[in-house]
Amino acid sequence: MQCVHVRPESRDLGLGGQLIQAVLGLARELGLERVSVHSSDRAVPAYARHGFAVSPVLLQADLRTNGNNGP
């Protein structure tokens, strides 16, 4: 999941949580083992309420800031 976005005027109504639940339900139906998300700081608590946790093994290279460090 890239992200879940709710317009500012519709926040705090539970809509984001409903979207997260729908995606997780579909992931379970598809037999997926894991769902990851790129979250804003504001949304971290919403994802945490639905079982998301910080992963100490998720690695990423931000090529916008790291330049060309690949092989």
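## Glutamine 2 and the N-terminal segment

Glutamine 2 has a relative accessible area of 55% and is therefore exposed, the cut-off for that class being over 50%. The model in which this residue is described is a predicted one. Along the chain, glutamine 2 belongs to the segment that precedes α1.

Exposure does not leave glutamine 2 without partners: when residues up to four places away in sequence are not counted, glutamine 2 touches Val37 and His38. A separation over a longer stretch of chain can be given as well, since the C-alpha atoms of glutamine 2 and alanine 48, which are 46 residues apart along the chain, are separated by 16 Å.

## Overall architecture

The protein contains 3 helices and 0 strands, and the order of its elements, read from the N terminus, is α-α-α. The C-alpha trace spans about 45 × 35 × 20 Å along the principal axes of the protein. For 71 residues, a compact globule would have a radius of gyration near 11 Å, whereas the value for the protein is 15 Å.

Of the 71 residues in the protein, 15% are buried. The protein exposes about 6,200 Å², and carbon and sulfur atoms supply 54% of that area. If contacts are restricted to residues at least 6 apart in sequence, 56% of them join residues at least 24 apart. As for charge, the protein carries 7 positive and 6 negative side chains, with 2 Å between the centres of the two sets.

## The nonpolar core

The largest nonpolar core has 7 residues in all, namely Ile20, Leu24, Val37, Ala43, Ala46, Tyr47 and Phe52. Two helices, α1 (15-29) and α2 (44-49), each supply at least two residues of this core.

Phenylalanine 52, one of the core residues, touches Met1, Ile20, Leu24, Val35, Ser36, Val37 and Tyr47 when residues up to four places away in sequence are not counted. Among these partners are Ile20, Leu24, Val37 and Tyr47, which are themselves members of the core. Val37 also appears among the contacts of glutamine 2, and this links the account of the core to that of the segment before α1 in which glutamine 2 is placed.

## Aspartate 12 and its backbone

Aspartate 12 is likewise found in the segment before α1. Its relative accessibility of 68% is the reason why aspartate 12 counts as exposed, given that exposed means over 50%.

The backbone of aspartate 12 deserves a separate remark, for this residue has a positive phi of about 65 degrees although it is not a glycine. Most residues other than glycine have a negative phi.

## Exposed positions toward the C terminus

Leucine 58 lies in the loop that runs between α2 and α3 (63-66). Leucine 58 counts as exposed because its relative accessibility is 57%. Measured in sequence terms, what separates leucine 58 from serine 36 is 22 residues, while in space the two are 9.4 Å apart, C-alpha to C-alpha; serine 36 is also one of the residues touched by phenylalanine 52.

Arginine 64 is found in helix α3, and with a relative accessibility of 74% it therefore counts as exposed. The C-alpha atoms of arginine 64 and cysteine 3 are separated by 20 Å, the two residues being 61 apart along the chain.

Technical notes: Residues are numbered from 1 along each chain as its sequence is written. This is a predicted model: local features need pLDDT of at least 70, side-chain atom pairs count only at pLDDT 80 or more; totals for chains, interfaces and linings use all residues. Side-chain values use heavy atoms; hydrogens and water are left out. Helices (H or I, at least four residues) and strands (E, at least two) are DSSP runs, numbered from the N terminus. The radius of gyration is taken over C-alpha atoms; the globule rule is 2.2 Å times the number of residues to the power 0.38. Buried means under 20% relative accessible area, exposed over 50%, partly exposed in between (1.4 Å probe, protein chains only). Contact means heavy atoms within 4.5 Å. Accessible areas come from the Shrake-Rupley method with a 1.4 Å probe; for residues, only the protein chains shown count as cover. Lys and Arg count as positive and Asp and Glu as negative; His and the chain ends are not counted. The place of a charge is taken as NZ of Lys, CZ of Arg, CG of Asp or CD of Glu. A nonpolar core is a set of buried Ala, Val, Leu, Ile, Met, Phe, Trp, Tyr and Cys residues joined through side-chain atoms within 4.5 Å.
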